[in-house]
Amino acid sequence: MAPLSNDRKRALRPELDALVGTDGVLSDPDELLVYESDGLTLFRALADFVVFPRSAEQVAAVVKLANREDLPFVARGAGTGLSGGCLPAEGGIVLSLMRMNRVLEVDYDNQIAVVEPGLVNLHLSWRVGPQGYYYAPDPSSQQACTIGGNIANNSGGPHTLKYGVTTNHVLGLEVVMPDGEILWLGGKTRETPGYDVTGVFVGSEGTFGIATKIVVRILKKPQAVKTVLAVFDQVEHASAAVSEIIARGLVPAAIEMIDHLTIQAVEDAFGCGYPRDAAAALLIEVDGLAVGMDAQTERIVAACRERGARDTRVARDEAERQLLWKGRKSAFGAYGRVSPAYMVMDGVIPRTKLPYVLGRVNEIVAAYGLRVGNVFHAGDGNLHPNILYDPRKPGEEARVVQAGAEIMKLCADVGGSISGEHGIGLEKADFMPFIFSAADLGVMARLKRAFNPTNLCNPGKIFPTKKSCGEVAVGYRPHPIEAKGLAQRF
Amino acid sequence: MPSTLVEKLAAVVGPDHVATGVALSPYVIEGRTPEAAVFPGTVDDVRAVLGVAAALAVPVVPWGGGTAAGVGMPTTWSGLVLGLGRLNRILEHEPGDLTVTAEAGVTIAQLQAALGAKGQWLSLDPPDADRATVGGVIAANASGPRRHLYGTARDLLIGVSVVTAEGEVVRGGGKVVKNVAGYDLPKLYIGSYGTLGIVVEATFKLRPRPDDERFVPVMLSSVKDAGAALRSVMGSDLVPTVLELLDADAARALGVTAAAALVVGFDGLTEQIDWQATELARIAAAHGGRTGAALGGGATARLATAARDACPAAASVMRLSVLPTQVAETIEHGGAAAKARGLTSAWSAHAGVGVVTAVLAAPDVARATDIAAVLGEWRGVARAGGGFATLEWAPLAVKASVPVWDDLGAAGRVMQRIKAELDPNNLLNPGRFVGGM
Ligand SMILES: Cc1cc2nc3c(=O)[nH]c(=O)nc-3n(C[C@H](O)[C@H](O)[C@H](O)COP(=O)(O)OP(=O)(O)OC[C@H]3O[C@@H](n4cnc5c(N)ncnc54)[C@H](O)[C@@H]3O)c2cc1C
């Protein structure tokens, strides 16, 4: 596939205008530029059109037109994805769902809400908050990312340790199928007949169709919450404390780890009260009933102390709690102060492998002459090594990509996974053979064919581009769209 | 041909692990005897057995503990029963990771005992834990009362190994608790009744065992009041693990005397449970009810089967999925529909998630027309509120007039394509599942 000729583009524009309105179509290359990448700016590609439908019917009409014209198409939420998931193919249509952002229904008694896909994650919690409810999945990007994007990537967040990821909160979906048919998968009830097609749609990264309505669970806000900061002089001790907390029969709502480099960056930038000389800090939160809160906090403090915490501090009030969380949540912003650029990795390992893997990550990155900051969901074993680099220095970015591939291989080798929440997208498609055999990928390909037989819906994602799936690639190779000069890295 | 089949199977697993003739009696479903039953001891042998079946075009009926063998329509041809009982090893349990990997034939009781020894558990409590196996629980999406807080297999299964219809081993998911690499294949096999592949290994995420657990009954003077109390509990600060609503008969089976009852389960620190029990008593009083002494261990174990235990002479069991606010009405209407035709019924529900079990008793099978009519009305009640009904257990004569599975709607086309992709020759449990899949 290739971008459309100017003539065909000119011919199609009025048709799209008729489907979604003239104010709902972009076709000028300058305007399209905004949509050429997502949160992972490594990859870029220009669409022929970006459209802004307002209803499932409009989505379906655009999808049918794309089918007629044999044009690839892709859904886009807020574009905060970190794996290139919503990038257009070479040309084709981007369907931005940002105009479909309503809360359609809230049923407090049954604890469900029906929303449109372009609704910003946090806005749902704002909406149901006054009644004492919230939407549990809380990606750190929740102020911007959409629930449609969350569905596609099966997004997680700090509190997924206790509350699960997006898929655990989705009951049903109205979907525009890749052929333009509108249908429901699942529904409002917990059990619906047949295969769990809702469950496989979630996490399919926009390759199974476009969700246009989403039925989600909303939860009662917990009565109470307590946050503990535990400070360690050795990373190994912090890692061991994570296992110790769990061994004591506790399931905290969140256990986040912040390493030395990150603490320094955060303190330089925002001054959140983390001790600068610490090797690592754990931010541990328990929530639930008010009664028993102190007992649980004591257990956590005891576990951390036993594993060598130098200091533990329980947030005294909401202001102090917010300040501690600010340190965690603003880590990405803080890296910007200490490095011109950084690339965030996303791998998962068994919790017990944390000390070994963190040590290896530091060695790998150091061997490439780079620095790494770690801030991650330690309770889930979901690592986020952030490799700091300077894109202006020749060759540095290629080394980042190589180090990243080695880290992914490391995660795979200890029995983990190459993505805990950001998805495979374009970025990691060629790493899939690290953890899946040709037979595994073969079943995934068949499943995809059942939903998306023409492969027009978000092509080029998830599956390795190489012919031989068994072959393992380490290191950066230009993606086909780059090789053809249609996209570029910077 | 049968002798060829048996000989070929014996060549794979050894003659001791192939059953024929009278040895097949435990595997007779609805009066249909399979041609053979085979019990492979390794995943490789499962692959080889599927190769034999595929080559001879003999359909395969995977068999765990047999607890759900009667669910669904009988297969169009009861070819080869593939028993997974010899795949009974717990492969990996690393307490610090809170994960376990077990073979398909491990029973839930065996698994819980091993995990319990390390202070952990799989937070899934399907009935018949002594017989129900890991593979069977996944295939039938079996669950129990604690699903109210802890969810079902889809919330706990993080990885799965499956032997496909072509005899290939395929892995989906992984061994880590958080993982979005590739499509979520574990979801595909949950509740697929063995029609898409044969689960041979599974990895679950686990929880630490709570300090303490308690089940408190609330006695109420009508099902309607129980429904109102249910709503209050759900809207309160309580965090119950279990929220069951029972009619008088089902309650009696647990030793609770009331026109209707809620059973509310709590776990955690003892002080948390105490506080919640006090709060529950306050809510109960507001609905004209009162809480009773905590259920004993025996009653707790029977919670999942209370409605069935209330009706030993069950003619049919229907499972209805509705919204939590519709549970009480569903039970009232459904009970009245049975009564109007002179039949009795017993009802229990995982009320907080709207999953209702209805048992219809009939004095004699000659009442086939009435039985079918009542079941039809029950399904109508669920459908009217946007829900669904499955005929979970019934004699073949009833299944002949009342569809086992509910209508799939437009999503059925996607499901049919999935089945066609993954089992193109229709070898796995053919005809058993919804839509003939
Ligand atoms: C600072 C920062 C922090 C982040 N923190 C987290 C975190 O803590 N946890 C986490 O999981 N992620 C995190 N992310 C990643 C990202 O925010 C999530 O993946 C998010 O779900 C993407 O949502 P979006 O609306 O931006 O989707 P987009 O980036 O627009 O699209 C993502 C994918 O969704 C598909 N898609 C979008 N809408 C639909 C639809 N309606 N139907 C079908 N497919 C659709 C797209 O095709 C694409 O494949 C973070 C990102 C940033 C920039």
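Visitor: Which element supplies the largest share of the shell around the ligand?

Guide: Helix α5(A) does, with five residues. Helices here are DSSP runs of H or I with at least four residues, strands are E runs of at least two, and both are numbered from the N terminus. One caution before we go on. This is a predicted model, where local features need pLDDT of at least 70, side-chain atom pairs count only at pLDDT 80 or more, and totals for chains, interfaces and linings use all residues. Residues are numbered from 1 along each chain as written, chains are lettered from A and ligands numbered from 1 in written order, and side-chain values use heavy atoms, without hydrogens and water.

Visitor: Which residues come nearest to the ligand?

Guide: A residue is near a molecule if one of its heavy atoms lies within 4 Å of it. Here 33 residues surround the ligand, and Ala75(A), Gly77(A), Thr80(A), Ser141(A) and Thr146(A) come nearest. β3 (73–76), α5 (147–153) and β10 (210–217) of chain A each give at least two residues to the shell.

Visitor: How many residues of each class are in the shell?

Guide: Sort them first. Ala, Val, Leu, Ile, Met, Phe, Trp, Tyr, Cys and Pro count as nonpolar, Asp, Glu, Lys and Arg as charged, and the others, Gly among them, as polar. The shell has twelve nonpolar, 18 polar and three charged residues.

Visitor: Which polar side-chain atom lies 2.8 Å from an oxygen atom of the ligand?

Guide: Look for polar contacts: pairs of N or O atoms within 3.5 Å; within protein, one must be able to donate a hydrogen and the other to accept it, and residues adjacent in sequence count only if both atoms are side-chain atoms. The atom you want belongs to Asn150(A). A backbone N or O atom of Ala75(A) lies 2.6 Å from a ligand oxygen. A polar side-chain atom of Glu421(A) is 3.2 Å from a ligand nitrogen. Taken alone, the ligand exposes 980 Å², and the protein buries 93% of that. Such areas come from the Shrake-Rupley method with a 1.4 Å probe; for residues, only the protein chains shown count as cover.

Visitor: Is Lys178(B) buried or exposed?

Guide: Buried means under 20% relative accessible area, exposed over 50%, and partly exposed in between (1.4 Å probe, protein chains only). Lys178(B) counts as buried because its relative accessibility is 3%. Lys178(B) sits in the loop between β9 (169–173) and α7 (185–189) of chain B. Its side chain makes a polar contact of 3.0 Å with that of Asn382(A).

Visitor: Where do the side chains of a strand point?

Guide: In a regular strand they alternate between the two faces of the sheet. Take β13(A), residues 254–259, where six of six residues are buried. Ala254(A), Glu256(A) and Ile258(A) lie on one side, with Ile255(A), Met257(A) and Asp259(A) on the other.

Visitor: Which strands pair with β13(A)?

Guide: Two strands pair if DSSP finds at least two bridges between them. β14(A), residues 280–288, joins β13(A) antiparallel over six bridges. There, Ile258(A) has Ala281(A) as its bridge partner. β18(A), residues 371–376, is also antiparallel to β13(A), with two bridges. Met257(A) stands opposite Phe376(A) in that strand.

Visitor: How many disulfides does the structure hold?

Guide: A disulfide is a pair of cysteine sulfur atoms within 2.5 Å. The structure holds zero over all chains. For Cys304(A), the nearest cysteine sulfur is that of Cys272(A), 20 Å away.
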